[in-house]
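Trainee: Before we start, please show me the model. I want to ask how its labels are earned.

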Amino acid sequence: MRALVARRLDGPEAIELIETDVPEPAAGQVRIKVAAAAVNPVDLAVSAGMPVEFGLTAARQQFGLGWDVAGTVDAFGPTQNDGRETTRGGRLRIGDTAVGVADLLGRDLKTHAEYVVLDEEAATSVPRKLALTEAATFGLNGLTALQAIKALEPEPGQTLLVTGAAGGVGGYAVEIAKYLGLTVIAAASAHDEELVRLMGAEHFVDRSQDLATAVRRIAPGGVDALVDAAVVGVGAQEAVRNGGRHVHVQGGPRPPHLRGISLKQLFVQANRSDLEELVRLVDAGPLSTRVADVHPLTEAAAAYKRLAGGGVRGRLVLVP
């Protein structure tokens, strides 16, 4: 099969499309024949070696690329019988369409390939109303946003600041927060104001402004909670009230937790329960999917370079 990998870790210019064996699932794993796989900023980071640089994963000769996937269940690993029932439990079956998230940084092969093996807990059924190219766009970003909101334990009516609100994670955080009855203040570029308001943001702040000052004009005592999807750090935390809550998304330097603010650093975790909740939200309507463009796997380098150039709204999707 063909698969996209990073070996030299020199960025998008150095990614390679290789021929390799089709991977075999072990016990508790599922193999998916890939129909579509989104390109995310984390793929650029992996191709440039940033996770190794920041100590998030060990160095290795080859890194697989791709986190999101939509496709068809092709095989399962051997079942493990405990004397009463198999561990699989029959949730997905051969031939089912599935979405999944490959959440391990250090894997030789991931979803930018013709086949991918995932833990069964990292996959679930595709939302009923979506084409597979659309279904490949919401898993990683939606899961990160959902887990960030859950970590904040918000109550309806509270105020939430979302940085990077026009991006993948930030956009889903806005939509989920709106659905839960929160008042959302969104920070993004000025030209994205209409977009984030359509997603559900009640207030908008241009990210070029002094963030804390601008937010506190709207919420003088500070917001109750912060999802820092743009990884602004302490400059965003200064907009949070004393004793508020801050979720720092992804890697990078961990900001201090000042003024009694609780701080959680979030690394996404693929699990069936949250994936199924996301699927329900997509089916019910609060979560949108945004396909910016579709590229064949053979033109993956062009998609990577396009994403690296910035300004892409929605996800670029690779199809084998």
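The talk below takes up a strand pair, a pocket and two cavities.

Mentor: This is a predicted model, where local features need pLDDT of at least 70, side-chain atom pairs count only at pLDDT 80 or more, and totals for chains, interfaces and linings use all residues. Residues are numbered from 1 along each chain as its sequence is written, and side-chain values use heavy atoms, with hydrogens and water left out.

Trainee: What makes strand 15 and strand 16 a pair?

Mentor: Pairing takes at least two bridges found by DSSP. Strand 15 (residues 291–296) and strand 16 (residues 315–319) share 5 bridges, so they pair. The two run parallel. Asp293 faces Leu316 of strand 16. Strands are DSSP runs of E with at least two residues, helices are runs of H or I with at least four, and both are numbered from the N terminus.

Trainee: Why is the crossover from strand 15 to strand 16 called right-handed?

Mentor: Point the strands away from you: the path from the first strand over the helix to the second must run clockwise. Here the path goes through helix 10 (residues 300–308), and this β-α-β crossover is right-handed.

Trainee: What makes a space a pocket rather than a cavity?

Mentor: Both are sets of points on a 1 Å grid over the protein atoms alone. In a cavity a 1.4 Å probe fits but cannot get out; a pocket is an open set with protein on both sides within 12 Å along at least five of seven lines. Lining residues have an atom within 4 Å of a point. Points join across faces, edges and corners, and volume is the space filled by probe spheres set on them. The largest pocket has about 1,200 Å³. Of its 46 lining residues, Pro41, Val42, Val169, Ala229 and Gln250 are closest to the centre.

Trainee: Which helix gives the most to the lining of the largest pocket?

Mentor: Helix 1, with 4 residues.

Trainee: How do the residues of that lining divide by class?

Mentor: Into 27 nonpolar, 14 polar and 5 charged. Ala, Val, Leu, Ile, Met, Phe, Trp, Tyr, Cys and Pro count as nonpolar, Asp, Glu, Lys and Arg as charged, and the others, Gly among them, as polar.

Trainee: How many cavities of 30 Å³ or more are there?

Mentor: There are 2. The largest holds about 60 Å³. Its lining has 2 nonpolar, 5 polar and 2 charged residues, and includes Tyr172 and Arg290. The second largest holds about 30 Å³. Its lining has 6 nonpolar, 2 polar and 1 charged.
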